[in-house]
Amino acid sequence: AMQRATSILLLVILTIAAWGGEPAKNFTAMEINHIRVKTPGLFSAHKSFSLHLDSLQDNEFCFPLPGGNRARRQVQSGGGFRQSIAGKITQYHHGHSGVDIKTKANDTIRCIFDGVVRMAKPYAAYGNVVVVRHTNGLESVYSHNSRNLVKSGDVVKAGTPLALTGRTGRATTEHLHLEFRIDGQHFNPSLVLDLKDRTLRKDKLICTKLGNRITVKSKLINKQ
């Protein structure tokens, strides 16, 4: 009976942990200084796991740039494309790893979900960048900032100011370059955000490790 009760309790804990708690704050030198790094132990037990965006409450999400006026570019995980928020898609050069949101200088960039700042520093073409690790290893990346307002190890909430927009690094105008990554690999931001409506997609994301490659796919939730 004791073993059965323990098993049930463990199942309950694993179920509510999809977005509960917070990531570890003790980062390695690699994690503090580089964007593309693996999350320790993320796929050690299973080769696939789910992120339940549908379980988040309204106060657990914040659009990162309320003052931004348009999404300029985005990339799909299978290749490079340019897509306006109106839906027009044209061929784009390979390698753009996220979405650009046009804005004014020194607009406030806010954290999308609760988490811990893993990295906050100047980094090559990204310029001043902030990387936040969220529960289950999801990471959000905010770059080209004129100034970072947080440091590695800071615990942040959805809506916490992270940085001010700028054009540091390889950028010609002020904008926010936003990425989402799992185990170091970027994936399509439109799986998480509805960029036109500036809202969270209330779906379940299936993250799967296939060799050295990570795939992230959306599974629509049947809302009754």
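Before you click on anything, one term: a residue counts as buried under 20% relative accessible area, as exposed over 50%, and as partly exposed in between, using a 1.4 Å probe and protein chains only. With that, select Phe-61, which is buried because its relative accessibility is 16%.

A word about what is on your screen. This is a predicted model, in which local features need pLDDT of at least 70 and side-chain atom pairs count only at pLDDT 80 or more, while totals for chains, interfaces and linings use all residues. Residues are numbered from 1 along each chain as its sequence is written, and side-chain values use heavy atoms, with hydrogens and water left out.

**Stop 1: ring pairs**

Keep Phe-61 selected and add Phe-113. Two rings of Phe, Tyr or Trp (its six-membered ring) pair if their centres lie within 6.5 Å; planes under 30 degrees apart are stacked, over 60 edge-to-face, and the rest tilted. The structure holds four such aromatic pairs. Phe-43 and Phe-49 form a tilted one, because their planes meet at 45 degrees, with ring centres 5.2 Å apart. Both rings sit inside: Phe-43 is buried at 6% relative accessible area, and Phe-49 is buried at 16%.

Back to Phe-61 and Phe-113: their centres are 6.0 Å apart and their planes at 50 degrees, so this pair is tilted. Now trace the chain, where helices (H or I, at least four residues) and strands (E, at least two) are DSSP runs numbered from the N terminus. Phe-61 lies in the loop between S1 and strand S2 (70-73), and Phe-113 in the loop between strand S6 (108-110) and strand S7 (115-122), so the pair ties together parts that are 52 residues apart in sequence. Phe-113 is buried, with a relative accessible area of 1%.

**Stop 2: the nonpolar cores**

Phe-113 also leads to the next stop. A nonpolar core is a set of buried Ala, Val, Leu, Ile, Met, Phe, Trp, Tyr and Cys residues joined through side-chain atoms within 4.5 Å. How many residues does the largest nonpolar core have? It has 38, and those with the most contacts inside it include Phe-113, Tyr-142, Phe-180 and Leu-193. Among the strands that each supply at least two residues of this core are S1 (48-52), S9 (138-145) and S13 (175-182). Colour S13 first, since S13 gives the most to this core, with four residues. Then look for a second, separate core of six residues, which includes Ile-35, Met-119, Tyr-126 and Val-131. As background, nonpolar side chains tend to be buried together in soluble globular proteins.

**Stop 3: charged partners**

Next, show the charged side chains. A salt bridge is a side-chain nitrogen of Lys or Arg within 4 Å of a carboxyl oxygen of Asp or Glu. The structure holds seven salt bridges. Select Asp-183 and Lys-38, which form one with their closest N and O atoms 4.0 Å apart. This pair links distant parts of the chain: Asp-183 is in the loop between S13 and strand S14 (185-187), and Lys-38 is in the loop between helix H2 (29-33) and S1, 145 residues apart. Asp-183 is buried, at 8% relative accessibility.

Move on to Arg-118 and Glu-139, a salt bridge whose closest N and O atoms are 2.7 Å apart. Arg-118 is in strand S7 and Glu-139 in strand S9, 21 residues apart. Are these two residues buried or exposed? Both Arg-118 and Glu-139 are buried. Add Glu-31 and Arg-133, and you have a network of salt bridges linking the four residues.

For another setting, pick Asp-154 and Lys-151, whose side chains meet in a salt bridge of 3.0 Å, N to O. Asp-154 is partly exposed at 22% relative accessible area, whereas Lys-151 is exposed at 54%.

**Stop 4: a three-stranded sheet**

Switch to the cartoon view. Two strands pair if DSSP finds at least two bridges between them. Three strands form an open, antiparallel sheet in the order S6-S12-S10. The edge strands, S6 and S10 (147-148), each pair on one side only. Zoom in on Asn-148, whose bridge partner in S12 is Ala-163.

**Stop 5: cysteines**

Finish with the sulfurs. A disulfide is a pair of cysteine sulfur atoms within 2.5 Å, and the whole structure has zero of them. For Cys-62, the nearest cysteine sulfur is that of Cys-111, 8.4 Å away.
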